[in-house]
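Got your viewer open? Load the model, clear any old selections and let's walk through it stop by stop.

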Amino acid sequence: MRALIVGAGCCGASAARRLARYGWQVTVIDRRSHVGGNAYDRRDENGILYHVYGPHIFFTGRERVWEFLAPFARWVPFRCALRVWIEGDSHPMPFQPETLRRLMPEEGEALPSVLAREFAGRDSVTVLELMNASHPLLRRAGRRLYQCDCAPYNQKQWGLRPEELSPEVIARAPVYLVDRKEFRPERFQFMPEDGFTALFQSVLDHPAIEVLTGLDASALMEVSDGQIVWKTGRRWDTVLYTGRLDELFSRRKGALPYRTLRFDLEYCASGEGLPCLAMYYPDLDIPWTRRTDYRHLPGNPPGMDKTLLVGERPGPMEDPRDEPYYVVLTERSKAQYQAYRKLLDQVPHLYGAGRLADFRYYNMDEAVDRGLDMAEEIHRREGRDPS
């Protein structure tokens, strides 16, 4: 059996390796000149390892994902701390009681006990849950976080007023119930010592996997009248498509909305860098939503004299070469996506998965898990048993 996988990112690469294990011959293509998708990293002219499409951190509580990826790299433990710049000062991220004590000095000391009582047994809650809580102090805390962070940050990130976005977007930010230094609580938190590009090159290094970069899917196939139409002499038994569904179906239901990023690179002395890997900026007067200081990244030696700061400015998709980084979730866009998903489901031997094809945000481990699931589904539905 032969599979074509469109996209060599987390989802596509993981699916390819799993299908190869099941005995498939797999061709992986990517329109970019490299594998790894948005996790692609490289060293600049100064030898600094950085993530070209924005910082990626690997963490997971999914044992299956860790067992799958672990053999493909040398891993180093990495538990990072991130911060957010609010009203002229930095605060730990995600939010926690320390944040609320500083933002609500007259009431903040009472918040930890109220949080523990109202959300007993929980590690964290969302800002939306605080805003809808029964206790008035928690509602005030939620409103404070919403006004100083969630609303302005999401307006800058998405270019929409808060009321235009789905509630799960605008107030999904987590709030820990107890203070903690680490960004994430997951059991497995590691980074590949040689970077993510080397990791995915290793994942795809298999005699049954052919990798072709710099090749757009439209050069090989199109969908017409509910069927895959091959444009060259090559054919495959099934296709896993991880790109945009609106492009696959020639925008028949209109263009799905995405936001792109523009990156500002700045070199400075290490002492002038950030105190952590990344700082977030909800303030509308600051152009970036996030800046990353890559001297904190594993793979870069300690004690560097110079560091690389990269700021991210979100904006609309204006040029065909703009990369679609974030889906814009509104009630209209979700309905529009479902219309494309219905078209996809009607095409035999064609599957869609991943950040773009699923029209949703994925953490890295979620994208890997999705790829493994899709490989098993394809293998099962196309007549083989993954066991």
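The tour goes from the whole chain to a few salt bridges and then to some single residues.

**Stop 1: the whole chain**

Keep in mind from the start that this is a predicted model. Show the cartoon and colour by secondary structure: the chain carries 11 helices and 21 strands. Its radius of gyration is 22 Å, close to the 21 Å from the globule rule for 387 residues, so the chain is as compact as a globular protein of that length. If you draw a box along the principal axes, the C-alpha atoms fill roughly 70 × 50 × 45 Å.

Now switch on the surface. It comes to about 17,600 Å² of accessible area, and 47% of that belongs to carbon and sulfur atoms. Of the 387 residues, 55% are buried. How are the contacts spread along the sequence? Taking contacts between residues at least 6 apart, 69% of them join residues at least 24 apart.

**Stop 2: the charges**

Colour the charged side chains next. You should see 53 positive and 55 negative ones, and the centres of the two sets lie 3 Å apart. Side chains of opposite charge can pair when their charged atoms come close. How many salt bridges turn up in the whole structure? A search finds 34.

**Stop 3: Arg-74 and its two partners**

Select Arg-74 and Glu-193 and show sticks. They form a salt bridge, with the closest N and O atoms 2.9 Å apart. This pair links distant parts of the chain: Arg-74 is in the loop between α2 (63-69) and β6 (75-77), while Glu-193 is in the loop between β11 (188-192) and α8 (196-203), 119 residues apart.

Add Asp-194 to the selection. Asp-194 forms a salt bridge with Arg-74 too, and here the closest N and O atoms are 2.7 Å apart. Asp-194 lies in the loop between β11 and α8 and Arg-74 in the loop between α2 and β6, so this pair ties together parts that are 120 residues apart in sequence.

Is Arg-74 buried or exposed? With a relative accessible area of 51%, Arg-74 is exposed. Asp-194 is partly exposed at 45%, and Glu-193 is partly exposed at 35%.

Stay on Glu-193 a moment and show what surrounds it. Leaving out residues up to four places away in sequence, Glu-193 touches Arg-74, Trp-75, Val-76 and Gly-299. Then draw a distance from Glu-193 to Pro-298: they are 105 residues apart along the chain, yet their C-alpha atoms are separated by 6.5 Å.

**Stop 4: Glu-107 and Arg-140**

Move on to Glu-107 and Arg-140. Their salt bridge has its closest N and O atoms 2.7 Å apart. Glu-107 lies in the loop between α3 (97-103) and α4 (111-118) and Arg-140 in helix α6 (residues 136-158), so the pair ties together parts that are 33 residues apart in sequence. Glu-107 is partly exposed, with 29% relative accessible area, and Arg-140 also counts as partly exposed, at 41%.

For a bigger group, select Arg-18, Arg-62, Arg-64, Asp-365, Asp-369, Asp-373 and Glu-376 together: salt bridges that share partners join these into one network.

**Stop 5: Ile-209**

Leave the charges behind and pick Ile-209, which you'll find in strand β12 (residues 209-213). Its relative accessibility is 10%, so Ile-209 counts as buried, the cut-off being under 20%. What does Ile-209 touch? Not counting residues up to four places away in sequence, its contacts are Ala-16, Arg-17, Ala-20, Val-26, Val-28, Val-203 and Leu-204. Draw a distance to Arg-17 while you're here: the C-alpha atoms of Ile-209 and Arg-17 are separated by 7.6 Å, with their places 192 residues apart along the chain.

**Stop 6: Thr-99**

Last pick: Thr-99, in helix α3. Is Thr-99 buried or exposed? Thr-99 has 0% relative accessibility and counts as buried. Turn on the sticks for His-91, Pro-92 and Leu-145, and you have what Thr-99 touches once residues up to four places away in sequence are left out.

Note on methods
Residues numbered from 1 in each chain as written. Predicted model: local features only at pLDDT ≥ 70, side-chain atom pairs only at ≥ 80, totals over all residues. Heavy atoms only, no water. Helix = DSSP H or I, 4+ residues; strand = E, 2+ residues; numbered from the N terminus. Rg over C-alpha atoms; globule rule 2.2 N^0.38 Å. Buried < 20%, exposed > 50% of the residue type's maximum accessible area, 1.4 Å probe, protein only. Contact = heavy atoms within 4.5 Å. Areas by Shrake-Rupley, 256 points an atom, 1.4 Å probe, with all protein chains shown as cover. Lys, Arg positive; Asp, Glu negative; His and termini not counted. Charge placed at Lys NZ, Arg CZ, Asp CG, Glu CD. Salt bridge = Lys/Arg side-chain N within 4 Å of Asp/Glu carboxyl O.
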